[in-house]
Amino acid sequence: MAELNRRTVLGTALAGAAGAALAPGLPALAEPAADAVRGGVDWPGFLGLADLVWQRMPKTWYEGPFLGNGFLGSGIYAEPGANAVRFNVQHSEVQDHRPEFGSLFGLARLPIGYFTLEPVGAITGVDWRMDLWNAELRGTITTSAGSLELRALIHSGRSVLAVEVRPTDGERDFRWVFHPAEAVSPRTNPKFNKQPPPGYTANPPATVERAGDAHVAVQPLHAGGEHVTAWRESRWGRARTLYAAVAWSHPDRTSVRTALWMIRTASLPLPALALDHRRWWQDFYRKSFLSVPDQRLQSFYWIQLYKFASAARKEAPVMATCGPWLESTPWPATWWNLNVQLEYWLIHGSNHLELDAVTHALDRHRNNLRDQIAQPYRADSYGIPRTTDMTLRNGPIAGNAGYPVGIPGKESPTPEVGNLTWALHNVWLSYRHSMDRALLRDVLFPLLRGAVNYYLHFLIPGADGRLHLPFTFSPEYGVNAPDCTYDLALLRWGCRTLVDAARELRVDDPLLPRWREVLAKLVDYPVDANGYMIGAGVPFAKSHRHYSHLLQIYPLYEVTWEDPAKRSLIETSLNHWVSFEGALQGYTFTGAASMSAQMLRGDKAEFYLGELQRRFIKPNTMYQESGPVIETPLSAAQSLHDMLVQSWGGVIRVFPAVPSAWRDAVVHDFRTEGAFLLSASRQGGTTRWVRIRSEAGAPCVLRPGLGGEPVVRGRGGRPLRWRDLGGGTLEIELRRGEEAVVYRRGDRPDFDVAPVAPNGPAARWGLPG
């Protein structure tokens, strides 16, 4: 593995721009030496430090390697009770189509099946490595008869699983076997104690057929349509390569031809097939860079980026709870009362807006957002159920089979009504990080208008002159409450955002007076001696993993640490929430870490992320509650973002909550609100330099944390106009396409973007020896 250089050069993205922006007398920045070295980073060597390794056979989904491309997914581990290795084959578009049985049964994601790699001899050991840089599993399986040299990938663009095996002589007769799964909702597993609706049955069994030199497993569905798994083997010298693909169609049955075409057009020698696959992944990683001295956490972060890009594409279904890796789960659907929001937060800072499936899906399926609410409110309102299929439908039934949008003030179905507004906060984040007016005009504004309209139907003037909400439900506390804090926070944020958007779009909307009235008259959040309550008359009084009653603190930033009058309330609420140990789960600790980062408490944020890793994260960085769920590890990546860069409230904060043990840190092309790309280096406990490039010409207010008098330079070292706003905050005049470098007067920073030295050794993720 190539050794990392501590002081190396900026790559193409930074050299041509920031190099010309240095103050006079500072050295120019050089070009990278090779394509694999950009931004001063030996990318194969750097990401190699984060590679997962297995020197023991993984036995479960929570231990093994995983491959994916947003559609097709494969988790790899020992076949239970057999001398074989399982390669799961699952697909994010494969679901049932019987809405009469609800989203958790009749519209549930359906298991497809798995291959077993069955060697001749007894398996005695494995030595595997998940090569993140190339998104490829490599290694060997050792048996009593010899060994099998393995390479496996799911192609970034073809949705084909390719597994190349080079056996020794004693293992030449190893075989692949496909095992179709029963096409039934995983929620029917008796261990989950979730009784299916009357009349619900499994789909017919799959049939396995030959198709020339290939095989197909054809799975018909009661509701029409089908999904088909096709596979074939090719021999290239000593190598035998399995190619497998899944195709789905509904209501037509056209998948056999599609699946066969997919494997036959992909049946190239693996090195050739991998060329554009590798190029996609390497371009993906190089869109941003982040390094901290905690090597285990840094590795965890880059594994989450790999995981996210394995699970997400803009055009793919919004991630269900397992991503594309469906396993036995009581939650075979997409969950909108926290899971989706947390899954997609990391796309913003990491500069991966191209994978924003949430915005794409809400826009594409907006008619279903109207159809999911009760008939009397459909003329002007939108909503999203707690659980949906890939087209955002729940089906007409409630209870154990699904969770439709309720009606405030009515017990059934559960009146959980704020989930669309929260999901639209994700869309707003994508707008703010891109400043794409078309996204604001065509997607966010009309959908948020409809989501807020649903609330407006139920607001009631009280004797106190304030506007009140009848009882609604705060996820997942289990008690209905009037003036529910969850909904008050979302309604307040929604009205404020609509007013701001109307001004930005120059729209004289007839509802503007109503939105302003809500902002002026909406009742205050219910509070008691322990901080924010669930709602009026309902204190926070039991262990609860969800921070639904604290959204106004994070992620909405409606109540912030920058208001001294709110600090005691924020601190009391956070401490009270995490003081009840019994029901806390992993995302409790990511939420607490991000709130602590807003409070500028880096050591506390680090503690919460440490608790997450120690108590909840599995060997392969997956996460488990009653079933597998992936939002929590992904949201931990956002917590790390919040420690290093924050950009809420129109201010970009550089290294605001770095733990005291992290004397050094670096970010490069970190995307912030206002559509800025920020690079910065922290050395010896202070910010040495910041480079900021404007993509949209938005106001640039920067809090760089220099600890001294700032120097602000533009291209060619020319001084830029800027104002000191006090408290270490600068306002810099930057037009679209312009950039600035900021550093402390009298300093001569190196302007290097390179990995920081680790504080000490760290165990690898996976199952090392």
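Visitor: How many residues apart are R503 and D500 in helix α13, and how does that compare with a turn of the helix?

Guide: In this predicted model, R503 and D500 are three residues apart in helix α13, which covers residues 485–505, and this spacing separates them by about one helical turn.

Visitor: What makes the contact between R503 and D500 a salt bridge?

Guide: The name requires a side-chain nitrogen of Lys or Arg within 4 Å of a carboxyl oxygen of Asp or Glu. The side chains of R503 and D500 meet with 2.9 Å from N to O, and because 2.9 Å is within 4 Å, the pair earns the name. Behind the rule stands a general idea, that side chains of opposite charge can pair when their charged atoms come close.

Visitor: Why is R503 called exposed, while D500 is called partly exposed?

Guide: Exposed means over 50% relative accessible area, buried means under 20%, and partly exposed lies in between. R503 has 56% relative accessibility and therefore counts as exposed, whereas D500, at 36%, falls between the two limits and is therefore partly exposed.

Visitor: What does the salt bridge between D747 and R688 tie together?

Guide: The side chains of D747 and R688 meet at 2.7 Å, N to O, in a salt bridge. D747 lies in the loop between β37 and β38, while R688 belongs to strand β32, so the pair ties together parts that are 59 residues apart in sequence. Both D747 and R688 are buried.

Visitor: How many salt bridges does this rule give, and which residues are linked in a network?

Guide: The count comes to 44 salt bridges, and a network of them links D131, E136, R138, R151 and R278. E731 and R723 also form a salt bridge, with their closest N and O atoms 2.4 Å apart. With 25% relative accessibility, E731 counts as partly exposed.

Visitor: Where does E731 stand in the strands, and how do you know that its strand is paired?

Guide: E731 is in β36, opposite V701. Pairing asks for at least two bridges between strands; β33 (residues 700–703) and β36 (residues 729–732) are joined by three bridges in the antiparallel sense, and they therefore count as paired.

Visitor: What makes β28 and β35 the edges of their sheet?

Guide: The sheet is open and has five strands in the order β28-β29-β33-β36-β35, with mixed pairing. β28 and β35 each have a single partner strand, so one side of each is left without a neighbour in the sheet.

Visitor: How do you know that β14 pairs with β13 and with β15?

Guide: Five bridges join β13 to β14 in an antiparallel arrangement, and six bridges join β14 to β15, again in the antiparallel sense. Each count meets the requirement of at least two bridges, and therefore both pairings hold. R210 stands opposite H215 in β14, and V218 has V228 in β15 as its bridge partner. In the hairpin of β13 and β14, with two residues between the strands, G212 takes a positive phi near 70°; the hairpin of β14 and β15 has five residues between its strands, and G224 in the turn has a positive phi of about 95°.

Visitor: Why is β14 called mostly covered?

Guide: Six of the seven residues of β14 are buried.

Visitor: What makes L362 stand out in the largest nonpolar core?

Guide: This core holds 226 residues, and L362 and L644 touch the most other members. Leaving aside neighbours within four places in sequence, L362 is in contact with residues including W336, L369, I384, L392 and L447. Another core lies apart from it, with 20 residues, among them A162, V216, A259 and A274. In soluble globular proteins, nonpolar side chains tend to be buried together.

Visitor: What volume does the largest pocket have, and which element gives the most to its lining?

Guide: The largest pocket holds about 750 Å³ of space. Of its 37 lining residues, W428, R432, W648, G649 and E673 are the closest to the centre. Helix α13 gives the most to this lining, with seven residues.

Visitor: How many cavities of 30 Å³ or more are there, and what volume has the largest?

Guide: The count comes to four such cavities, and the largest has a volume of about 100 Å³. It is lined by 15 residues, of which S92, R109, A320, T334 and M390 are the closest to its centre. What makes it a cavity and not a pocket is that a 1.4 Å probe fits inside but cannot get out.

Key. Residues are numbered from 1 along each chain as its sequence is written. This is a predicted model: local features need pLDDT of at least 70, side-chain atom pairs count only at pLDDT 80 or more; totals for chains, interfaces and linings use all residues. Side-chain values use heavy atoms; hydrogens and water are left out. Helices (H or I, at least four residues) and strands (E, at least two) are DSSP runs, numbered from the N terminus. Buried means under 20% relative accessible area, exposed over 50%, partly exposed in between (1.4 Å probe, protein chains only). A nonpolar core is a set of buried Ala, Val, Leu, Ile, Met, Phe, Trp, Tyr and Cys residues joined through side-chain atoms within 4.5 Å. Contact means heavy atoms within 4.5 Å. On a 1 Å grid over the protein atoms alone, a cavity is a set of points where a 1.4 Å probe fits but cannot get out, and a pocket is an open set with protein on both sides within 12 Å along at least five of seven lines; lining residues have an atom within 4 Å of a point. Grid points are joined across faces, edges and corners, and a volume is the space filled by probe spheres set on the points.
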